[in-house]
Amino acid sequence: MKSSYIKNRKKSVFSWVEGLSLLAWGVLLLKYSFTGQYKLLIHPNYFSLVLGSGIILLVLGIIKVRSILNNRQPNNSDHISLFPPGLGNSLLLIVAIAGFLIPPKVLTSQTALKRGVGDLPLTTVQPQAFRTASKPEERSLIEWIRTINAYPEPDVYSGQPANITGFVLHLSELPDNYIMLSRFVITCCAVDAYPIGIPVKLDTNRSNYPVDSWLTVEGSAIAETLPVKDRIETNTITEKRSVVIEAKGIKTIPTPADPYSYR
């Protein structure tokens, strides 16, 4: 009799954990949708999927909790699980709670350096069909990189006006009057985000522009030969001719609510 009571109590606890995990994930996904935090996590193509999933999980959670309150729980005696009873749902609940407590953060320069933004022409985007602004000054940073990749001849771009936005990177191999203006590009989610960037020539020392600060840079393109760190032998420095933006006006801006570019 006592063992049966304990068994039923455990089932009740596991059911509550399952219901609460469904509710928590539903509310979390809806929170990301309504606050716009999903922009830091996934590609816009999946925004509607996040919203729909949040609604479905919330409804399932409400149904589960109501069935517990009405004492109408299914018999799970034949249920087979790879994990001990309640463990999977407990982990899901813990992760959901962590999602409420720890907000998503914008990827930083440290991540960009680890993922190879220092490679000239400073992008991993492959030449592909794309639409770019008709005027150079209307090109975004990713459009500049795509254009250069499609036709990688730096002298062609000399004198073209530029107006681009990104966060600051300091590359040790570049002179002190150069920064890298960078952004991350998302193809699916933040996990697969890769950095792009273009060097910017300053008329002052780059220490005036801290790492990870966001800038809007107005200037014009020039072609210069710059030192490049070898990807495999990191202590080896070579030189490569590249497109550089010579800054004529720099404005510090807050971190954008939508900081990534998308492919």
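**Exercise 1. A lysine and its partner**

Is K64 buried or exposed? Find out, then work out what its salt bridge joins.

*Solution.* Keep in mind that this is a predicted model.
- Step 1: the relative accessible area of K64 is 11%. Buried means under 20%, so K64 is buried.
- Step 2: look for the partner. K64 forms a salt bridge with E18, and the closest N and O atoms are 3.5 Å apart.
- Step 3: place both ends. K64 lies in helix α2 and E18 in helix α1 (residues 2-35), so the pair ties together parts that are 46 residues apart in sequence.
- Step 4: check the cover on the other end. E18 has 28% relative accessibility, so E18 counts as partly exposed.

**Exercise 2. Lay out the chain**

Describe the overall make-up of the protein chain, starting with its secondary structure.

*Solution.*
- Step 1: count the elements. The protein chain has 5 helices and 6 strands.
- Step 2: put them in order. Going from the N terminus, the pattern is α-α-α-α-α-β-β-β-β-β-β.
- Step 3: check burial. Of the 263 residues in the protein chain, 41% are buried.
- Step 4: turn to the contacts. Take those between residues at least 6 apart in sequence: 72% of them join residues at least 24 apart.
- Step 5: finish with the surface. The accessible surface is about 14900 Å², and carbon and sulfur atoms account for 58% of it.

**Exercise 3. A nonpolar patch**

Which residues form the nonpolar patch on the surface, and which helix gives the largest share?

*Solution.*
- Step 1: list the members. The patch is formed by F34, L51, I55, I56, V59, L60 and I63.
- Step 2: get the area. Together these residues have about 670 Å² of accessible area.
- Step 3: assign the patch to elements. Helix α2 (residues 47-69) supplies the largest share, with 6 residues.
- Step 4: zoom in on one member. I55 sits in helix α2, and its relative accessibility is 43%, so I55 counts as partly exposed. That fits the patch rule, because members need over 30% relative accessible area.

**Exercise 4. Two more salt bridges**

How many salt bridges does a search of the whole structure find? Then take apart the pairs R241 with D155 and D176 with R206.

*Solution.*
- Step 1: the search of the whole structure gives 4 salt bridges.
- Step 2: take R241 and D155, whose closest N and O atoms are 2.9 Å apart. This pair links distant parts of the chain: R241 is in strand β5, while D155 is in the loop between α5 (141-150) and β1, 86 residues apart.
- Step 3: compare the ends with the cut-offs. R241 has a relative accessible area of 40%, so R241 is partly exposed. D155 is partly exposed as well, at 41%.
- Step 4: now D176 and R206, whose side chains meet at 3.7 Å, N to O. Again distant parts of the chain are linked: D176 is in the loop between β1 and β2 (178-186), and R206 is in the loop between β3 (194-201) and β4, 30 residues apart.
- Step 5: check both ends here too. D176 has a relative accessible area of 48%, so D176 is partly exposed. R206 is at 10%, so R206 counts as buried.

**Exercise 5. Wire up the strands**

Which strands are joined to β4 by bridges, and which way do they run?

*Solution.*
- Step 1: start with β4 itself (residues 214-229). It is mostly covered, with 12 of its 16 residues buried.
- Step 2: go to β1 (residues 161-169). It runs antiparallel to β4, with 7 bridges between them. For an example, T165 has T216 as its bridge partner in β4.
- Step 3: go to β5 (residues 237-253). It also runs antiparallel to β4, joined by 16 bridges. Among the bridge partners in β5 are A247 for G219 and K240 for L226.
- Step 4: follow β5 onward. β3 and β5 run parallel and are joined by 2 bridges. Here K201 has E246 as its bridge partner in β5.

**Exercise 6. A serine in β6**

What is S261 in contact with, leaving aside its neighbours within four places in sequence?

*Solution.*
- Step 1: locate the residue. S261 is in strand β6 (residues 261-262).
- Step 2: list the contacts. With those neighbours left aside, S261 is in contact with I142, R183, F184, V185 and I186.
- Step 3: classify S261. Its relative accessible area is 11%, so S261 is buried.

Terms used
Residues numbered from 1 in each chain as written. Predicted model: local features only at pLDDT ≥ 70, side-chain atom pairs only at ≥ 80, totals over all residues. Heavy atoms only, no water. Buried < 20%, exposed > 50% of the residue type's maximum accessible area, 1.4 Å probe, protein only. Helix = DSSP H or I, 4+ residues; strand = E, 2+ residues; numbered from the N terminus. Pairing = 2+ DSSP bridges. Contact = heavy atoms within 4.5 Å. Areas by Shrake-Rupley, 256 points an atom, 1.4 Å probe, with all protein chains shown as cover. Patch = residues over 30% accessible without salt bridge, like charges linked within 9 Å, V, L, I, M, F, W, Y side chains within 5 Å.
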